[in-house]
Amino acid sequence: MHLGKVLLSFGALGLGALASPDSRGSGSGIGSSHGHGSSGDGSPHGSDGGNPDPIKCQDPPLRKEWRQLNDFEKAEYLGAVHCLTSLKPISPFKGVVNHYDDFQATHADQTPYIHWVGFFILWHRYFVATYEKALREECQYQGAQPYWNWALDASKDENSTAIFETEIFSKTLGFGGNGKYEEATAEQNPFNLTGRTGGGCVEGGAFAPGLFTRNYPTPDCVRRDFIPWIMNSFAQQSLVDHVQAQDDYTSFARAIENIPSFSEPNIHGSGHFGAGGVLGTLGNSAQSPGDPLFFMHHTNLDRILWGWQLKDLPTRFHQVGGPIVPFDYGGKNVTLDFEVNIGTLAPNVTLEQLLNPQGDILCYGYANVEH
């Protein structure tokens, strides 16, 4: 079925794409309002992690890799994302038009404070879980937030474009492909990145022009600017293994972001700059959630965090570290009672509360934490 027909059929299929603002609800834990799941290997249940309070986290939805979803599940997810654009905004930022914009604007507002800090990965865990909750409670999405495991397709040949030909970039039932090539000025490309292939509006998929608009700070299309050498070299499984081999949270948090330079690869930069490049939405550190692919990328990073935590539970339910101020590695560190703030999207919570994906705040698991 052509994507346009799929999107138009969401309402008839009862997938929630045409939900009204009045459909907003509430649930006991973020991610827990609907859905059916089992603990699988993404659950903290058992002798290692103890049992989360059954009242606070019941039947957690299980997150799956995009290619594990069938066509109906993919259409349901894409429709739920579109549903967010039909809901009224709840944030105070000038330029937001709908609830999807709230997420992009909140991230943009906090970008100077939430990267290269000890709470980077847990801030984004909460941010993605809140997005997942909105999809499920406000748009009646029945599944869990999927993820994009780019390491499955990263090639040893840095010039290979095969990773961009996978299901997630489908132009019929996916996130669409690259944009047309556009020249970038020196000001737009301060790192002088080479190998750019796009920069224009995404072609095809659920978020092409005419189907989806990002409104904050000003209206524009979702843009992509594939750079194969970054995507392939930054997304290698060996880099994931390096991050997950860290002995403590502080070193894990530092390894997942590494340094703000393209001279050393880091897995956080893989999806952002491999798919976003210089002119793409994902390549803009502040505005990157304007491309819905952002949430697939960061859910994968959260899966990597959870895989690392599983290696030493329950210790890693109670371990944080790293700077409060970006790059201040010799300064004050975050502690378990440090509070994360995501504005009007959800209440403030502590880092300790965010360490357990099936605790008193969060409620989700992974169908396969290894892949």
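Two short exercises follow, one on His-298 and one on helix 3.

This is a predicted model, in which local features need pLDDT of at least 70, side-chain atom pairs count only at pLDDT 80 or more, and totals for chains, interfaces and linings use all residues. Residues are numbered from 1 along each chain as its sequence is written, and side-chain values use heavy atoms, with hydrogens and water left out.

**Exercise 1.** Place His-298 and find which side chains it makes polar contacts with.

Step 1. Locate the residue. His-298 sits in helix 9, residues 293-310. Helices are DSSP runs of H or I, at least four residues, numbered from the N terminus.

Step 2. Check its accessibility. His-298 is buried because its relative accessibility is 3% (buried means under 20% relative accessible area, with a 1.4 Å probe and protein chains only).

Step 3. List the polar contacts (pairs of N or O atoms within 3.5 Å, one able to donate a hydrogen and the other to accept it; residues adjacent in sequence count only if both atoms are side-chain atoms). The side chain of His-298 pairs with that of His-268 at 3.5 Å. With the side chain of His-272 the value is 3.2 Å.

**Exercise 2.** Describe helix 3, from its cap to the residue that follows it.

Step 1. Start at the N-terminal end. Asn-98 caps helix 3, with a side-chain oxygen 3.0 Å from the backbone nitrogen of Tyr-100.

Step 2. Judge its cover. Of the 16 residues in helix 3, 13 are buried.

Step 3. Look past the helix. Trp-116 follows helix 3 and has a positive phi, near 55°.

Conventions:
Helices (H or I, at least four residues) and strands (E, at least two) are DSSP runs, numbered from the N terminus. Buried means under 20% relative accessible area, exposed over 50%, partly exposed in between (1.4 Å probe, protein chains only).
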